[in-house]
Amino acid sequence: MFQHRRLNSEVTFLQKIRNLDYILLISILLLSVISLFVMYSTDGGQILYHTKSHFIKIAVFFFMMLVIAFINIKLWHISAYLFYLIILLLLIWVSFFGISVSGSQRWMDLYFIALQPSELMKIAIILCLAKYYHRLKIENVNNFTSILISLIIIIIPMILVISQPDLGTSILIALSGLSILWLGGIKIKYFFYSFLSFLISLPFIISFLKPYQKLRILTFLDPDRDPLGAGYQIIQSKIAIGSGGFYGKGFLKGTQSYLDFLPEKHTDFIFTLFSEEFGFLGSILLLSIYLIIILRIVKIGVMSRSSFPKLFCFGFAFAIFIYISVNLSMVLGLLPIVGSPLPILSYGGSSMLATMIGFGIVLSAKINQNQIIA
Amino acid sequence: MIRGNSSIRKSDIMNRRMFIVGAAKLIVLSILIGRLFTLQINDNKKYLTLSDKNRIREWKLPPTRGNIIDYFGNIVAGNLKVYQLHVIPEQVENFNYLLSRLQVILNLSNKRIEKIKKKKDQLKPWESLIISENLSWSEFLKINNYLYELVGVKPIMTISRNYPFDEIYTHVLGYVSQPNEEDILENEIIKERFVPGIKVGKLGLEKTLENDLIGTNDIQRYEVNAYGKRINQLEYQKGRKGSKVRLTLDTEVQKLCANLLKDKAGSISVMDIYSGEIIAMYSSPSYDPNLFLFGISQDEWQLIRNNPLKPLINKTLSGLYSPGSTIKPIVALSALENNIVDPDFKVKCTGKIELYEQTFHCWKEKGHGYVNLKEAMKQSCDCYFYEVARKLGVDRLKITADKYGLGKKVLGDYFENEKSGQFPNTNWKLNNLGKGWVLGETLITGIGQGYTQTTPIQLCLMTAQIANGGYKIKPKILTDDNQLTTEQIKEVIKKNKLNRGIYTSLFKDPRNIKIIKQAMFSSTNEIMGTSYKSRIDDPKYQFAGKTGTAQVKRISKRERELDLKTSQIPYNDRDHALYVAFGPYKNPDYALSIIVEHGGSGSTTAAPMATKLFKLLIDRHQLRKENKNLKKTYI
């Protein structure tokens, strides 16, 4: 045991660089480049505000990711609860003093960036629960108290985010948290029962939804009921993707997007534009890059000797998968419209910040995969 | 050690559970890819169509109307380049300033400016706003001079209907103008091709032949964005120009008619007696159809509407007149056909007939003495025809009159405002007035007064059918490529191959027709004939005719004694002057009818016009024959 610790502490900077996961790194870089091209297209084939801003964010956050990668993952383990608490405080702060945009109070103005704490919470909750389950003895996992505590950890930010209101992000936070609970070893039957009771209580939940949220669900079930109003986005999105065909309409030739038929094309509906211009082929390639990233993260998790990095990697991989599938299901008309960005590709600083922090921690876990955290 | 075991167990659980999650992910991933496949590969066509529907929008432009040409190929309704001024509001920095500039340059009224402002509010900012539909050339030049400072202003050249002969053809062609709701609802084709700025026929052939003339829209295909703004033009699809329509009318004759009837109210119709082609059809006074193209001004409209000579009425087809003495050939023919009289039958005219205490006057107070058919026709003796009509009876007379086309629409398929008039008989009176026929009415029917009402075109057709030897013809206003030549028709008639039911004979005995024609000849070419003064001795131009003077007002005894000159009678009480004729006498080709409202007597007012007309008609006869099939191609 001592030997191990000595071995780890001897890791030099050069070794760290050698231990970086280059496949993951290249995939992230590739995704960043693609995102810049797509952003260039949303600007109508010009370098305008979105492209510039996106480029700066990528550059800054990519660098930040590398810095995080070289920081020992222990530090994240130590500060996980603190990080969670800080983000929680920010969420509370936002709910009082946040900037309100189109009826939703999610942002805090940091002058150089409008930060969305709820996005950061997606990472914080994984970190927090990973630490909690790391420290929890396997015998105590299914204790009433420990389950209750972990549920409280999940529910508090959920409530705060729902009240913004931002149903999409809160669901993503909840799913990320629950994934750690699942990985941590909570009995399958608990999941089964709670899923059942969720289904039973679904009608009641729906009755508590805000009118616009109900409308979204109705629209999802039948987009043609109001093709120029609520159903417009999903109809136009499907038209854009469907008309892309196998090879796509070509870079900068997506008529749906450049003639402004696509709303929110640079944020939640970025995949629509990509798919219209690059077609089925491009979409499959993009998904493959995401898949490679997810698999690499899972692999790093498998290789990690400690529970904390393992849980984090699995949790984060799962979270990314959830982000992607929720976003794609939404633009493909498989799910109602919930605000959920596509990692890296969507325009938006907070989401990218959170994702890059996550990648940084994963890279750090790779570098320190043999380290055992007490 | 325990700790180590527990952490290995923990790690195992995590890895195992991760594997389960991985399997779930695989399912989700395949659902997503499946969906992507469905949308992009399976339904690609459907969505591509929807995407094109989104981005491509069509703009229909007004179609180009087909030309209407006369028999010789002269364009009588064509298309003219006009200059218009459009403004695209979104390109204009200060709209009000621009308007005030334009107001100065084009001298626009304040009212017009208000209208333009109102129109602007109804349009999208990138749609062109029409400031002026018809700029004069000097205005167009002026605008072009100032164009550098008038951003957003577009002088445009476009095509508009044009009637080069102004009022000459108005009653035949009608005119075009912007369609109203009724026009659009009535005609499916107008409804389908309607675009702002389209002009449709409002009257006459322009209306009747709308579906041939209208043409198809030019179509501009634009790529538009989600807000409907045009991004770029993808295609310009030229529409089909409306079909060309060739009339049987001759502009030169038409012009002469207009000239003869200048400042008079009346009508002249000329017809080819074999083919039924109408050579001229003019109703006077007329008005300029070009005034209606861009909306007629209130003042000009009032001027036309309030003109006492009633230019809006097409007198040739909807003017109803008593035929007066022009009916006499039919009365005589009917009597001959029914063996009531023979040519030698004589009546002694004393200037009047007494019947049941009613006096029926001859136009000649002193009377004509003993007259036979020829003399009676020649001098238009009323007493003779009173007597013949009495013997014939109105019912038999009506049968003949019907045969020759009186009381029936002649061109009803083409002119919805044509009237049929009527030729009465005993039943007619019973059914329409609920009273029994009185013998006296037979007498006045015999001289073309009373209930008989005919249109000028009917009288022309009647004359034509007598002139051609008593054969039925179908009057035409449009040329027919299969039309037989006069020689061919004569051949058909000679061989008695009654072609297509058109050239059926209307007589019982051809000699009767000959007698009538001779009588009409003497009326024009023998001394004492009513139109003797208008005769032409040259056999080439020699024609035969019958005058008519239709009373508008019953002449009172006092007035008869006064024997007033036409100029002494108030205009509206004066008699209508009529004349029907055919020529050349030996081998007739043309028949005509002339009516001058309140023109006094037929012999002084109407017959002299025929002299000029026959000269022109016969001079142009050869030319007309040569142009039967128009060789030249006209646009």
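Two residues are in contact if their C-beta atoms, placed from the backbone, lie within 7 Å. The exercises below use this cut-off on a predicted model.

**Exercise 1. The contact between chains A and B**

State how many residues each chain brings to the contact, and describe the side of chain B that touches chain A.

Solution. Start with the totals: chain A supplies 36 residues and chain B supplies 35 residues. Next, find the elements of chain B that give two or more residues to this side: helix H1 (2-42), helix H2 (44-55) and strand S8 (218-224). H1(B) gives the most, with 20 residues. Last, sort the residues on the chain B side by character: 17 are nonpolar, 9 polar and 9 charged.

**Exercise 2. An open sheet in chain B**

Give the strand order of the 5-stranded open sheet in chain B and find the strands at its edges.

Solution. The order is S12-S11-S19-S18-S17, with antiparallel pairing. Strand S12 (278-284) and strand S17 (544-550) each have a single partner strand, so they stand at the edges and one side of each lacks a neighbour in the sheet. From one strand to the next, the twist averages 5°.

Now take one pair from the sheet. Strand S11 (residues 266-272) and strand S19 (residues 590-596) of chain B are joined in the antiparallel sense over 7 bridges. In this pair of chain B strands, B:Gly266 stands opposite B:Val596 in S19(B).

**Exercise 3. The largest nonpolar core**

Identify the residues that touch the most other members of the largest nonpolar core, and locate this core relative to the domains of chain B.

Solution. The core has 123 residues, and those touching the most other members are B:Ile268, B:Val270, B:Met271, B:Ala332, B:Leu592, B:Ile594 and B:Ala610. Helix H20 (residues 456-467) of chain B gives the most to this core, with 8 residues. Domain 1 (53-74 + 164-247) and domain 3 (251-299 + 315-626) of chain B both give residues to the core, so it lies between them.

For one member in detail, set aside the neighbours within four places in sequence: B:Ile594 is then in contact with B:Ile268, B:Leu578, B:Tyr579, B:Ala606, B:Met609 and B:Ala610. Another core, of 104 residues, lies apart from this one and includes A:Leu31, A:Met121, A:Phe261 and A:Ile297.

**Exercise 4. A:Tyr290**

Decide whether A:Tyr290 is buried or exposed.

Solution. A:Tyr290 is found in helix H13 (residues 270-303) of chain A. A residue is buried if 20 or more other C-beta atoms lie within 10 Å of its own. A:Tyr290 has 22 C-beta neighbours inside 10 Å, so it counts as buried. From C-alpha to C-alpha, A:Tyr290 and A:Phe359 are 13 Å apart in space, and they are 69 residues apart in sequence.

Technical notes. Residues are numbered from 1 along each chain as its sequence is written. Chains are lettered from A and ligands numbered from 1 in the order in which they are written. This is a predicted model: local features need pLDDT of at least 70, side-chain atom pairs count only at pLDDT 80 or more; totals for chains, interfaces and linings use all residues. Helices (H or I, at least four residues) and strands (E, at least two) are DSSP runs, numbered from the N terminus. Ala, Val, Leu, Ile, Met, Phe, Trp, Tyr, Cys and Pro count as nonpolar, Asp, Glu, Lys and Arg as charged, and the others, Gly among them, as polar. Two strands pair if DSSP finds at least two bridges between them. Axes are lines fitted to C-alpha atoms, for helices over the stretch in contact, and angles run from 0 to 180 degrees between N-to-C directions. A nonpolar core is a set of buried Ala, Val, Leu, Ile, Met, Phe, Trp, Tyr and Cys residues joined through C-beta atoms within 7 Å. A residue is buried if 20 or more other C-beta atoms lie within 10 Å of its own, exposed if 12 or fewer, and partly exposed in between; C-beta atoms are placed from the backbone. Domain bounds come from an automatic or database domain assignment.
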